[in-house]
Amino acid sequence: MDVLAIPAERPKGWYLSLMAPNTKGPEFAWLDPSRLYCNSQALADCVQDLLSQFHSDPIDLVAGIDAMGFILGASVANTLGKGFLAIRKAGHLCVATQNQNYTDYSGREKIMEVRLDVLKPGLRVLLVDQWIETGGTMRAAIQLVEKLGATVVGVAAVAIENTEGGKWIKENYKFSHCIPEALQSQVDGKYLNFF
Ligand SMILES: O=P(O)(O)OC[C@H]1O[C@H](OP(=O)(O)OP(=O)(O)O)[C@H](O)[C@@H]1O
Ligand SMILES: Nc1ncnc2[nH]cnc12
């Protein structure tokens, strides 16, 4: 595969075949989407797909989740001409933070944190992460934004699996993702036929 090649035709989600399956075992995520960020057209098309639901929504700030959500979130922010806020896994920020416990697809208890001096009532925030599997990580980020009084305009990720938590997000927030309807059942089954 030529990872950097830009095809002549670019149907919806064309870049998803750049993602690579887990070859290391169950303690890792089932997939690594990050190779699609290596292809500049793939990243640009992915960002446009994520923004397609939000063209009529005022957004003040994009927040991305540690770590891979930083890449996609910063790309979305840059495309929108807005700033970017990092939502961190605990233990890195040297300033006062709001913290939130959560459990993700690994089943491990984790803590996420955000600095106290950016989010405030009235601020409209678009939350971006690479992937939503159980939804635990995104739900914690939503809780952090809302605890500080800001508004979650919506949630964007390459994929939102139809898990209990993924469905909760879809039912309660405006959302966008990059998975064509015909591929969603493969994503939910954690196997893509193009691997
Ligand atoms: O919906 P969930 O089950 O909560 O899982 C989703 C989270 O897991 C992945 O990140 P991971 O913690 O693997 O870290 P990374 O971004 O550093 O790769 C992914 O990028 C989301 O942040
Ligand atoms: N990057 C990812 N790919 C697939 N499943 C995931 N679950 C959590 N992160 C994921």
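This section describes the largest pocket of a predicted model, the two ligands placed there, and two backbone features.

The largest pocket has a volume of about 620 Å³. Its lining comprises 28 residues, and Ala29, Leu31, Tyr105, Gln130 and Trp131 are those that lie nearest the centre. Four elements each contribute two or more residues to this lining, namely strand S2 (31-32), helix H2 (68-80), S7 and H3. Of these, S7 provides the largest share, with four residues. By residue class, the lining of the largest pocket divides into twelve nonpolar, eight polar and eight charged residues.

Ligand 1 sits in the largest pocket. The elements that supply two or more residues to the shell around ligand 1 are strand S7 (124-132) and helix H3 (136-147). With four residues, S7 gives the most to this shell. There are 15 residues around ligand 1, of which Tyr105, Asp129, Glu133, Thr134 and Thr137 come nearest. The shell of ligand 1 is evenly divided by class, with five nonpolar, five polar and five charged residues.

Several backbone atoms approach oxygen atoms of ligand 1. A polar backbone atom of glutamate 133 is 2.8 Å from an oxygen atom of this ligand. For alanine 67, a backbone N or O atom lies 3.2 Å from an oxygen atom of ligand 1, and for glycine 136 the corresponding distance from a backbone N or O atom to an oxygen atom of the ligand is 3.5 Å. Taken alone, ligand 1 exposes 500 Å², of which the protein buries 85%.

Ligand 2 also sits in the largest pocket. Its surroundings consist of Ala29, Trp30, Leu31, Pro33, Tyr105, Gln130, Trp131, Glu133 and Glu161. Six residues of this shell are nonpolar, one is polar and two are charged. Tyr105 and Glu133 belong to the surroundings of both ligands. In addition, Ala29, Leu31, Tyr105, Gln130 and Trp131, which appear in the shell of ligand 2, are the residues listed as lying nearest the centre of the largest pocket.

The polar approaches to ligand 2 involve side chains and nitrogen atoms of the ligand. An N or O atom in the side chain of tryptophan 30 is 3.1 Å from a nitrogen atom of ligand 2. In the case of glutamine 130, a polar side-chain atom lies 3.3 Å from a nitrogen atom of the ligand. The side chain of tryptophan 131 likewise has an N or O atom 3.3 Å from a nitrogen atom of ligand 2. Ligand 2 on its own exposes 250 Å², and the protein buries 91% of that area.

Two backbone features were also identified. Most residues other than glycine have a negative phi, and most peptide bonds are trans. Against this background, the peptide bond from aspartate 66 to alanine 67 is cis, with omega near 0°. Alanine 67 is located in the loop between strand S3 (61-65) and H2, and this residue also provides the backbone N or O atom found 3.2 Å from an oxygen atom of ligand 1. The second feature concerns lysine 190, a residue other than glycine whose phi is positive, near 55°. Lysine 190 is placed in the segment after helix H5 (181-188).

How values were computed. Residues numbered from 1 in each chain as written. Chains lettered and ligands numbered in written order. Predicted model: local features only at pLDDT ≥ 70, side-chain atom pairs only at ≥ 80, totals over all residues. Heavy atoms only, no water. Near = heavy atom within 4 Å. Polar contact = N/O pair within 3.5 Å; in protein donor to acceptor, adjacent residues only side chain to side chain. Areas by Shrake-Rupley, 256 points an atom, 1.4 Å probe, with all protein chains shown as cover. 1 Å grid on protein atoms, 1.4 Å probe; cavity = no way out; pocket = protein on both sides within 12 Å on 5 of 7 lines; lining within 4 Å. Sits in = over half its atoms within 2 Å of the grid points. Nonpolar A, V, L, I, M, F, W, Y, C, P; charged D, E, K, R; others polar. Points joined across faces, edges and corners; volume = space filled by probe spheres on them.
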